[in-house]
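Please take a moment with the sequence and the model shown here, and then follow the text from one place to the next.

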Amino acid sequence: MRIDVLSIFPSYFDGLTLSLLGKAQDAGLIDLRVRDLRDWAFDRHRTVDDTPYGGGAGMVMKPEPWGLALDEVAGSAPAPDAERPTIIFPSPAGEVFTQKTARQLATREHLVFGCGRYEGIDERVFEYAADLGEVRLISLGDYVLNGGEVATMAMIEAIGRLIPGVVGNPESLVEESHEDGLLEYPSYTKPASWRERAVPEILLSGNHGAIAAWRREQQLVRTRARRPDLLADDEAPSR
Ligand code: 6GU
C-alpha cells in the first residue's frame, strides 16, 4: 500500500518509523511518503493560510498549495490499471472512524491524507480532490484536536496493522476489541497470584470450552458496562 501524507508538520510522523509500522515499511508492505505542504507554497514566507471570507475567528488554509500538492501526489495514476487514490481529510466534521472504516481502507492501493490546521481548509479543495480520487472526511470522535496530524497517525496505525503481513500472528487480529463488535475479554499472565490477587480459576482449568464461554461472557459484561451503545447498534453482528 502506498500512503502519502501532506502536512505542515511532517516531523510528527517520525514515530511511524518505530515498531510494527516501521518494520512494515522496511519490508516494503507500506510505502509511506510524508510531504511538507509548504513545498507547494511559493511566496517568500511560504504562506499556507489566510483570513476567512465572511469574517470569523482564526485562519483558513489557502487552496493553491493544496491543489498543487494533490496534483503531485494524487494526480497522475502511476499505472494505467491502478485504482484512484482514496483521499482522506481528517476533520472533526467528518464521519466517525471505526474498525470497519479501517478494514475498508486497508484494502486500498493508495491512500492520501491531507492534514488541515487552523480553522480548516478552503472548501473548494475537497471538491477539487474529488476529481482525483474518492474523498472522505473522517473524524476520530467527538472532541477537537489542533490539526489532522495526530488523527492521521492513529488512522495509519489502525489501517496499517490490518495489511496482510504487517502483524506477525494474524490470529491476534481476530480476538481483539471491536473485531466482533464487542470489547476484548480480560487477559492475565504469570504469576497466578500477585499482591493477593488471583487469576480467575477457570483460566487455570485447562477446559478450553469453559474458558471460551467465560471469555465471551466477560466480553458481554464489559461491553454492557462500558459501551452499551455497541450493543444497541442495529448494525451489530448477531451473536
Ligand atoms: Cl480527524 N481532526 C481534528 N482536528 N480534530 C478531531 C479529529 C480530527 N477527530 C476528532 N477530533
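In this model, which is a predicted one, a good place to begin is the ligand, where one of its nitrogen atoms is 2.8 Å from a polar backbone atom of L140. A nitrogen atom of the ligand is also 2.5 Å from a polar backbone atom of Y143, and at S139 the partner belongs to the side chain, with an N or O atom 3.4 Å from a ligand nitrogen. Taken alone the ligand exposes 290 Å², of which the protein buries 96%. The residues around the ligand include P90, S91 and P92, as well as I138, G141, V144, L145, G147 and A151.

Two residues from these surroundings, Y143 and L145, lead on to the surface, since together with F9, Y12 and V150 they make a nonpolar patch of about 430 Å². Within this patch, Y12 can be found in the loop between β1 (2-7) and α1 (19-26). Is Y12 buried, exposed or partly exposed? Its relative accessible area is 35%, and because this value lies between the limits of 20% and 50%, Y12 counts as partly exposed.

Another loop, the one between α6 (171-174) and β8 (193-194), holds E176. With a relative accessibility of 14%, E176 counts as buried, because buried means under 20%. Which residues does E176 touch, once its neighbours within four places in sequence are left aside? They are R161, L182 and E184, and with R161 there is a polar contact between the two side chains, at 2.8 Å.

Terms used:
Residues are numbered from 1 along each chain as its sequence is written. This is a predicted model: local features need pLDDT of at least 70, side-chain atom pairs count only at pLDDT 80 or more; totals for chains, interfaces and linings use all residues. Side-chain values use heavy atoms; hydrogens and water are left out. Helices (H or I, at least four residues) and strands (E, at least two) are DSSP runs, numbered from the N terminus. Buried means under 20% relative accessible area, exposed over 50%, partly exposed in between (1.4 Å probe, protein chains only). A polar contact is a pair of N or O atoms within 3.5 Å; within protein, one must be able to donate a hydrogen and the other to accept it, and residues adjacent in sequence count only if both atoms are side-chain atoms. Contact means heavy atoms within 4.5 Å. Patches are made of residues with over 30% relative accessible area and no salt bridge: like charges are joined within 9 Å, nonpolar side chains (Val, Leu, Ile, Met, Phe, Trp, Tyr) within 5 Å. Accessible areas come from the Shrake-Rupley method with a 1.4 Å probe; for residues, only the protein chains shown count as cover. A salt bridge is a side-chain nitrogen of Lys or Arg within 4 Å of a carboxyl oxygen of Asp or Glu. A residue is near a molecule or strand if one of its heavy atoms lies within 4 Å of it.
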